[in-house]
Amino acid sequence: MTHLDIAVDGTTVTLGNPAKVLYPSTGTTKQDVALYYLQVAPVLIPWARDRPATRKRWVDGVGTDADPGKSFFQKNLDAGTPGWVLRRTMHHKDHDNSYPLVNDARTLVWLAQISALEIHVPQWTFGAGGTPQRPDRLVLDLDPGEGVGLAGCAAVALLARDCLDRHGLDSLPVTSGSKGVHLYAPLDGQATSEEVAALAHEVALSLEHDHPELVVSRMGRDLRRGKVFIDWSQNWPAKTTVVPYSLRGRCRPTVAAPRTWDEIVPGELAQLDYRQVLARVTNGIIPVIPIGGHQ
């Protein structure tokens, strides 16, 4: 089969070479990726809606541990982008970029067509007139240093939850699909990105002060050995974080997966692949940020 037409949102999206293997270790194909994104669209889109999407693409697949596939980040849309892909233009220092908005399922299928396995977005949205709004969520990226696994991230996630709670912020854990854990907390949109980043930095510093044997808030890799680095900088307006329910370009087709706090158990937590996430969604295991608790 040289192509596959998928009807979605009143549009036919054509997958070229649908049997192309993008994850050799599991035999996961471009068609598998497209159908995954189509099935999780209702739960992924609320996390991505109206945010400029940066794509990380593996045109020839992710490869293997011994021979990794080549990848690249793409911000600007190219001339081959379908006209129905919603987009917004952002001005950077010396140029403008046109970014897609992942606001509908057909766009997710198109991203699979171009082998954009990972979708990265900022913590703010565009307003109705195309103007960037103040952030509506805070994120902490818990990144394990050398000698620390997911168990260490789970332990720090529980500490960070308590710290965020003391600031009046409910939070939701997301296993990143890579090495660590992301924590999201909803905001009321009143604070600037600079203020939110300062708060996230304060949380990271507080945890580092109280648990110096576990946590580091500074970026130097030599400081991270045996500890969990809390990356608070992803709250800056120019920074992005992989969107929950996005695939990851790892050797296995793992996913940035929202979890319940009951699952964050050191020593028991594991990253999930796309089949596990599909099963969770099918069974109604769809953790969400509890809006309206402390807000």
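**Figure 1. Helix H2 is largely enclosed by the rest of the structure, because eight of its nine residues are buried.** In this predicted model, the helix spans residues 105-113, and its buried residues are Ala-105, Arg-106, Thr-107, Leu-108, Val-109, Trp-110, Leu-111 and Ala-112. Their cover includes two helices or strands from the start of the numbering, strand S1 (3-8) and strand S2 (11-16), together with helix H1 (30-48), strand S5 (54-57) and strand S9 (116-121). Just after the helix, Ser-115 takes a positive phi of about 60°.

**Figure 2. Strands S6, S5, S9 and S15 form, in that order, an open sheet of four strands with antiparallel pairing.** Strand S6 (72-74) and strand S15 (241-242) stand at the edges, where each has a single partner strand, so one side of each is left without a neighbour in the sheet. Within the sheet, S5 and S9 run antiparallel and are joined by four bridges; one residue to look for here is Arg-57, whose bridge partner in S9 is Ala-116. Both S5 and S9 are also among the elements that cover the buried residues of helix H2, which links this view to the previous one.

**Figure 3. Ala-66 lies in the loop between strands S5 and S6.** With a relative accessible area of 78%, Ala-66 is exposed, whereas Ala-105 and Ala-112 of helix H2 are buried. Although Ala-66 and Arg-252 are 186 residues apart along the chain, their C-alpha atoms are separated by 13 Å.

**Figure 4. One cavity of 30 Å³ or more is found when the whole structure is searched.** The largest cavity has a volume of about 30 Å³, and the residues that line it are Tyr-245, Ala-257, Pro-258, Val-277, Arg-280, Ile-285 and Pro-287. Two elements, strand S17 (257-258) and helix H6 (274-282), each give two or more residues to this lining. Sorted by class, the lining has six nonpolar residues, no polar residues and one charged residue.

**Figure 5. Residues 29-282 carry the annotation "domain: DNA ligase D polymerase" in an unreviewed UniProt entry.** Over this annotated stretch, the chain is 30% helix and 22% strand, and the C-alpha atoms at its two ends are 21 Å apart.

How values were computed. Residues numbered from 1 in each chain as written. Predicted model: local features only at pLDDT ≥ 70, side-chain atom pairs only at ≥ 80, totals over all residues. Heavy atoms only, no water. UniProt positions renumbered as here; feature names shortened; annotations may be inferred. 1 Å grid on protein atoms, 1.4 Å probe; cavity = no way out; pocket = protein on both sides within 12 Å on 5 of 7 lines; lining within 4 Å. Points joined across faces, edges and corners; volume = space filled by probe spheres on them. Nonpolar A, V, L, I, M, F, W, Y, C, P; charged D, E, K, R; others polar. Buried < 20%, exposed > 50% of the residue type's maximum accessible area, 1.4 Å probe, protein only. Contact = heavy atoms within 4.5 Å. Pairing = 2+ DSSP bridges.
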